[in-house]
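Take a walk through this fold, one sheet and one helix pair at a time. Keep the sequence and the structure side by side.

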Amino acid sequence: MENQFAIRDIGLFPSGERKITWVKQYMPLLNMLEQEYSAGKPFMGQRVLMCLHLEAKTAYLARVIQSGGAEVTVVASNPLSTQDDVVAALVQSGIKAFAWHGATPEEYRQHLVQAVSTRPTLIIDDGGDIVSLLHSNQSFLSCDIIGGCEETTTGVQRLRAMEKDGILSFPMIAVNDAMCKHLFDNRYGTGQSVWDGIMRTTNLLIAGKKVVVIGYGWCGKGVAMRAKGLGARVTICEVDPIRAIEALMDGFDVKPLAQAAREGEFFITVTGNLKAIRKEHFALMPDGAVLANAGHFDVEIDISALRSLATSVSQARPGVQAFHLSGDKTLYLLAEGRLVNLAVGDGHPAQIMDLSFALQAMSVKYLMENRRNLPVKVVQVPREIDERVARMCLASQNVEIDAMTEEQIQYLKEWRD
Ligand code: NAI
């Protein structure tokens, strides 16, 4: 019989269950969808594979999909963000799981292979690892696959590269690109949770400190905004001239990293790109500088270059590695360069993930219901889903908005007047 799970310890489930119960109180949209799906069972007969950061909010999404009748499997999208107690709680409620915290690269890949062996029909991916694995070996590409949804910027970039190379073999919905995702999750979610991760791991003061944010995209804007709110002096490094102007007009200093590196006390990468901080930058940084990454993969800080410069490496605190460089200089790397808000924190607030995961739950249903009409491409989330999520979110907070009059609707359609 095929393995149902590979996890750290099933006995940890009570603590995981408590974490899920806590976040459920703050996810009204998922509460509503759970009721809707429990009644209608839209996913009956489907096998849904979710490759996400396995913590309480994702666990609740898995339960919502399960309530709709699906057989659900979860696997980690990052070895350090997995919370073993939460995974145990999922297994306890009949969900297959292949993940444990701190899995080695070999174990991580093995878990992905075990997960795709469940022959999913629908996929929810975060970063593109499952879709990439499915396309790496023809035997994984079962004809049952209807398609999937992608959660993050980096995953969508990978999917677009696959589409361009003509190898993408099923439709993938770019959930990240929905307004109710990147405007709130990437900006406000990352903004808050990155600082939560940094502060709880280092216990250092941010007010008055020089913070360098590398990348002023949706996530970078949030990280910079919250740093400013904490009283930091913030510098932005960008490669895109338009985003650089945006940062300038938002009131930040903008300069190349080669200049900012000399004075920064905290450096945070959020580029989705590799080696945003390199050897030449480490050499310029002052003693005691703290380095953190919030981009999807642990490639943004060139850790092998940092290691090559170090005379020794030690553990300063849990989640903080000290790289001792020659000349009495120490640089501190958080969370081994993995995304700091999830590897040493609990990720985004539940209310933010409620929006993102409502989009996921609705998009995966849309995908299933429209399977015959969707092109084998990266597909946008339909505007109606985005708007429904926004309206549900406002309603859950008892916020009302205006509606256009008929005259206004007609006026906006008219070009003569
Ligand atoms: P984005 O595409 O909006 O922004 C990235 C920015 O980085 C762009 O403005 C780009 O010009 C800039 N950039 C690229 N290379 C650079 C370099 N070498 N130096 C300076 N700037 C550079 O992407 P978004 O949505 O902000 O996502 C960034 C990363 O964060 C992605 O990997 C994404 O998957 C990840 N992400 C992480 C989350 C978390 O919880 N930590 C949440 C959502 C996304």
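Which residue in β14 is the bridge partner of Arg317? The partner is Val320. The model is a predicted one, and this pair is a handy way into its sheet.

Step back to the strands around that pair. Strand β13 and strand β14 (residues 320-325) run antiparallel, and six bridges join them. Strands of a sheet pair through backbone hydrogen bonds, either parallel or antiparallel. Here the full sheet is open and has eight strands. Read across, the order is β10-β9-β8-β11-β12-β15-β14-β13. The pairing is mixed. The edges are β10 (253-254) and β13 (310-317). Each has a single partner strand, so one side of each lacks a neighbour in the sheet.

Now look at what packs on the sheet. Helix α8 (residues 179-202) does. Its contacts include β8 (210-214), β11 (266-269) and β12 (290-293). Helix α8 also touches β13, β14 and β15 (329-334). The directions of α8 and β11 make an angle of about 140°.

Next, a helix pair. The axes of α3 (residues 56-67) and α15 (residues 350-369) come within 10 Å and cross at roughly 30°. Angles under 35 degrees count as roughly parallel, so α3 is roughly parallel to α15. Their crossing is right-handed.

Which residues meet there? From α3 come Lys57, Thr58, Leu61 and Ile65. From α15 come Ala350, Met353, Phe357, Gln360, Ala361 and Val364. By class, this contact has seven nonpolar residues, two polar and one charged.

How values were computed: Residues are numbered from 1 along each chain as its sequence is written. This is a predicted model: local features need pLDDT of at least 70, side-chain atom pairs count only at pLDDT 80 or more; totals for chains, interfaces and linings use all residues. Side-chain values use heavy atoms; hydrogens and water are left out. Two strands pair if DSSP finds at least two bridges between them. Helices (H or I, at least four residues) and strands (E, at least two) are DSSP runs, numbered from the N terminus. Contact means heavy atoms within 4.5 Å. Axes are lines fitted to C-alpha atoms, for helices over the stretch in contact, and angles run from 0 to 180 degrees between N-to-C directions. Angles under 35 degrees count as roughly parallel, over 145 as roughly antiparallel, 65 to 115 as roughly perpendicular and the rest as oblique. A crossing is left-handed if the near helix is turned anticlockwise from the far one by less than a right angle, and right-handed if clockwise. Ala, Val, Leu, Ile, Met, Phe, Trp, Tyr, Cys and Pro count as nonpolar, Asp, Glu, Lys and Arg as charged, and the others, Gly among them, as polar.
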